[in-house]
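Let's take a walk through the aromatic rings of this one. Have the model open and follow along.

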Amino acid sequence: SFPGMPSPAKSMCFGPSQEVLGEDKLMAILKERELKIYWGTATTGKPHVAYFVPMSKIADFLKAGCEVTILFADLHAYLDNMKAPWELLELRTRYYEHVIKAMLESIGVPLEKLKFVRGTDYQLSKEYTLDVYRLSSVVTQHDAKKAGAEVVKQVEHPLLSGLLYPGLQALDEEYLKVDAQFGGVDQRKIFTFAEKYLPSLGYAKRIHLMNPMVPGLTGSKMSSSEEDSKIDLLDRKEDVKKKLKKAFCEPGNVENNGVLSFIKHVLFPLKSEFVVLREEKWGGNKTYTAYEALEKDFAEQVVHPGDLKNSVEVALNKLLDPIREKFNCPELKKLSSAAYPTPSKAKPGEKGTKNSEPEDVVPSRLDIRVGKVISVEKHPDADSLYVEKIDVGEAEPRTVVSGLVQFVPKEQLQDRLVVLLCNLKPQKMRGVESQGMVLCASSVGEPRQVEPLDPPAGCCAGERVYVEGYEGGEPDEELKPKKKVFEKLQADFHISEDCVAQWKQRNFLTKLGTVSCKSLKGGSIS
């Protein structure tokens, strides 16, 4: 028991599946005043139905009288291996704001009692930035990497930004002026990191509350990046049915059962009961007011997987209908498609046929990188060609032959950053093998003008250049000339009226911003 602690607050803050770091401090605060707590979400992939777990807990916190802040962690989304490219950050943050508020409304949470904050509202301030530097002077690389291991995307060549992520999350507790932070158990290492390092800056150690992670429909963690493991909040009813039909739900097996886990962690906390819908000949409908009784009946095969899935489908669609309705307006439809551009799908039957492309003809198949021109010489046997040595982040610079002599003076190329297509098949040009193509903007009319594309200032040789919405794909090792993948994509390359390089109105990007040219508005790219 917790003497002196208000009983509603006790039951709300210490749910049956809740883990708390700092219980003594929590109880001391609750004896004197309301708890100030925040929940943050990085604005990366589309929120899915597992987000109802923290939403239901936020509802509990409000009922217990807590002051709750919701943080849309837009800068974190960028730092986490660029899960949200800078150009899409604003759009994705707006999407998150609308969809999270729609979720809260669908379960009856009064929005006026909540405070909503964006990370970039304060994380770019002088004071916060100075604290990031102060923190970086005391945090070890080992601790930063360990803290983000379960949250930050793990890749073969990790970026420095992933090491900054846990420190920023720790500082958020101070700058949001809260007593506690709430999150999933996958945040535990970041929470203990914050407890260790905030006091070293003279800031108080905070309380941390955790909810369980909801297994996906496939049995693993439900993840925005694994399509089959999750149900999106805006999935159509037929998509919900299809995904639940494929979900792992073996008769009598309660281990790694994504359907049962969803009932336990999402539907029961929201409704305090669950109704299994069955035909009369199979015993008729049965209402469960305790999850353990449902799990026992399923283990003993009293409840059939088909009935369980159908019942989850009905209950879930009741939660999702208000959200779907809200996003059915033209404004939010436009926001959704702009924040999450959908690559075109392959036509049925194309993949693997003899005369077809092995995959879609999409920009992510191109290996485009930032290059730095190390040297420029005239081609020994062709007056119109340069032979350049270009650093693209590999062990040795590449030799590239370009027809730029009459358009770009040699001194303007020397030491310049360029945009290089790196996975063309090497080709001899007047006796010199060219290992790439410098991408340039060309004017439409005469006289012809040509300008090399410019990566954003501050880019490094070897950085990936990608098209907005296609940042996740792997480029082909080498483009096959007969397939004409580059030529098909190049047909839709152009320069916008703002001098930004685009493919089908989608910008060429690096992690620092857009790729552009100096002046050739409306031009082509070759």
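Start with Tyr122, which is buried: its relative accessible area is 11%, under the 20% that marks the limit for that label. Keep in mind that we're looking at a predicted model here. Now swing over to Tyr175, which shows a bit more of a mixed picture, being partly exposed with a relative accessible area of 24%.

How do these rings sit relative to one another? A pair of aromatic rings is described by the distance of the centres and the angle of the planes. The structure holds 14 aromatic pairs, and Tyr122 with Tyr175 is one of them: the ring centres are 6.4 Å apart and the planes meet at 5°, so this pair counts as stacked. Trace the backbone and you'll find Tyr122 in the loop between strand S4 (114–118) and helix H6 (126–136), while Tyr175 belongs to helix H8 (residues 161–175), so the contact ties together parts 53 residues apart in sequence.

Tyr175 has another partner, Tyr128. Here the centres lie 4.9 Å apart with the planes at 70°, so this pair is edge-to-face. It also links distant parts of the chain, with Tyr128 in helix H6 and Tyr175 in helix H8, 47 residues apart. Tyr128 itself is buried, at 1% relative accessibility.

Elsewhere, have a look at Trp39, Tyr51 and Tyr96, which ring pairs join into a cluster. And for a charge over a ring, go to Phe116: Lys101 lies over its face, 4.7 Å from the ring centre.

Note on methods. Residues numbered from 1 in each chain as written. Predicted model: local features only at pLDDT ≥ 70, side-chain atom pairs only at ≥ 80, totals over all residues. Heavy atoms only, no water. Phe/Tyr/Trp six-rings, centres within 6.5 Å; stacked < 30°, edge-to-face > 60°. Helix = DSSP H or I, 4+ residues; strand = E, 2+ residues; numbered from the N terminus. Buried < 20%, exposed > 50% of the residue type's maximum accessible area, 1.4 Å probe, protein only. Lys NZ or Arg CZ within 6 Å of the ring centre and 35° of its normal.
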